[in-house]
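Here is a short note for someone opening this structure for the first time. Please keep the sequence and the 3D view side by side while reading.

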Amino acid sequence: MKKIDNDLETHFEHEDINVNISWGTEEENNNITVKFYKYPILTIEYSKLKKTSNEVIDRLITKNPKFQDLYYIEVKFTEEIESDDISSFTSFKRNDLYY
């Protein structure tokens, strides 16, 4: 996963990106969550966040075509620092973006 983190951090010029990939025996357990920490969500328009989410998902699928078959890919943005108790995210899922 560190390779994916590094690729996204370089491509999107943002140092605080975390990728979590979950695999399981049930379809809904197969997903990816990408979190952008310390991201200025209050000063960026919603349409820009949505566009960035689309670009993240497209990049993940282009680099790893098997990700196309995951139950979902979610991209989250927060102004907070990385922590287990983040209280506010702006979030997009693949289905929200493409369907």
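Are F36 and Y39 buried or exposed? Both F36 and Y39 are buried. The points below start from the sheet and come back to these two rings. Bear in mind that this is a predicted model.

1. **The sheet.** Four strands form an open sheet. Their order is β1-β2-β3-β4, and the pairing is mixed. β1 and β4 (90-93) are the edge strands. Each has a single partner strand, so one side of each is left without a neighbour in the sheet. On average, neighbouring strands are turned by 15° against each other, direction ignored.

2. **β1 against β2.** Strand β1 covers residues 17-22. β1 and β2 run antiparallel and are joined by six bridges. Three facing pairs help to fix the register by eye. N18 is opposite K35, N20 is opposite T33, and I21 is opposite I32.

3. **Two faces of β1.** In a regular strand, side chains alternate between the two faces of the sheet. β1 shows such an alternation. I17, V19 and I21 point to one face and are buried. N18, N20 and S22 point to the other face and are not buried.

4. **β2 and its other neighbour.** Strand β2 spans residues 31-36. It is mostly covered, with five of its six residues buried. β2 pairs with strand β3 (residues 72-77) in the parallel sense, again over six bridges. I32 of β2 has I73 of β3 as its bridge partner. I32 therefore has a facing residue in β1, I21, and a bridge partner in β3, I73.

5. **The crossover.** How do β2 and β3 connect, and what is the handedness of the unit? Helix α2 (residues 46-63) completes a β-α-β unit with these two strands, and the unit is right-handed.

6. **Helices on the sheet.** α1 lies across β1 and β2. It runs at about 140° to β1. α2 packs on the sheet as well, touching β2, β3 and β4. The direction of α2 makes about 135° with that of β3.

7. **The nonpolar core.** The largest nonpolar core holds 22 residues. Those with the most contacts inside it are L8, I32, V34, F36, L60 and F67. Five elements can be named here: α1 (2-11), β1, β2, α2 and β3 each give two or more residues to this core. α2 supplies the largest share, five residues.

8. **L60 as a place to look.** L60 is one of the residues with the most contacts inside the core. Set aside its neighbours within four places in sequence, and L60 is still in contact with I4, L8, I32, V34, F67 and I73. Several names return from earlier points. L8, I32, V34 and F67 are also among the residues with the most contacts in the core, and I73 is the bridge partner of I32.

9. **The aromatic rings.** The model has eight aromatic pairs. The ring centres of F36 and Y39 are 5.4 Å apart and the planes stand at 75°, so this pair is edge-to-face. Y39 also pairs with F77. That pair is tilted, with 4.9 Å centre to centre and 45° between the planes. Y39 lies in the loop between β2 and α2, while F77 lies in strand β3, so the pair ties together parts that are 38 residues apart in sequence. Y39 and F77 are both buried. Ring pairs link F12, F36, Y39, Y46, F77 and F92 into a cluster.

10. **Two backbone points to check.** E13 has a positive phi of about 50°, although it is not a glycine. E13 sits in the loop between α1 and β1. E13 is exposed, at a relative accessible area of 74%. K38 is another non-glycine residue with a positive phi, near 50°. K38 belongs to the loop between β2 and α2. K38 is partly exposed, with a relative accessible area of 45%.

Definitions and conventions
Residues are numbered from 1 along each chain as its sequence is written. This is a predicted model: local features need pLDDT of at least 70, side-chain atom pairs count only at pLDDT 80 or more; totals for chains, interfaces and linings use all residues. Side-chain values use heavy atoms; hydrogens and water are left out. Buried means under 20% relative accessible area, exposed over 50%, partly exposed in between (1.4 Å probe, protein chains only). Two strands pair if DSSP finds at least two bridges between them. A crossover is right-handed if, with the strands pointing away from the viewer, the path from the first strand over the helix to the second runs clockwise. A nonpolar core is a set of buried Ala, Val, Leu, Ile, Met, Phe, Trp, Tyr and Cys residues joined through side-chain atoms within 4.5 Å. Contact means heavy atoms within 4.5 Å. Axes are lines fitted to C-alpha atoms, for helices over the stretch in contact, and angles run from 0 to 180 degrees between N-to-C directions. Rings of Phe, Tyr and Trp (its six-membered ring) pair if their centres lie within 6.5 Å; planes under 30 degrees apart count as stacked, over 60 as edge-to-face and the rest as tilted.
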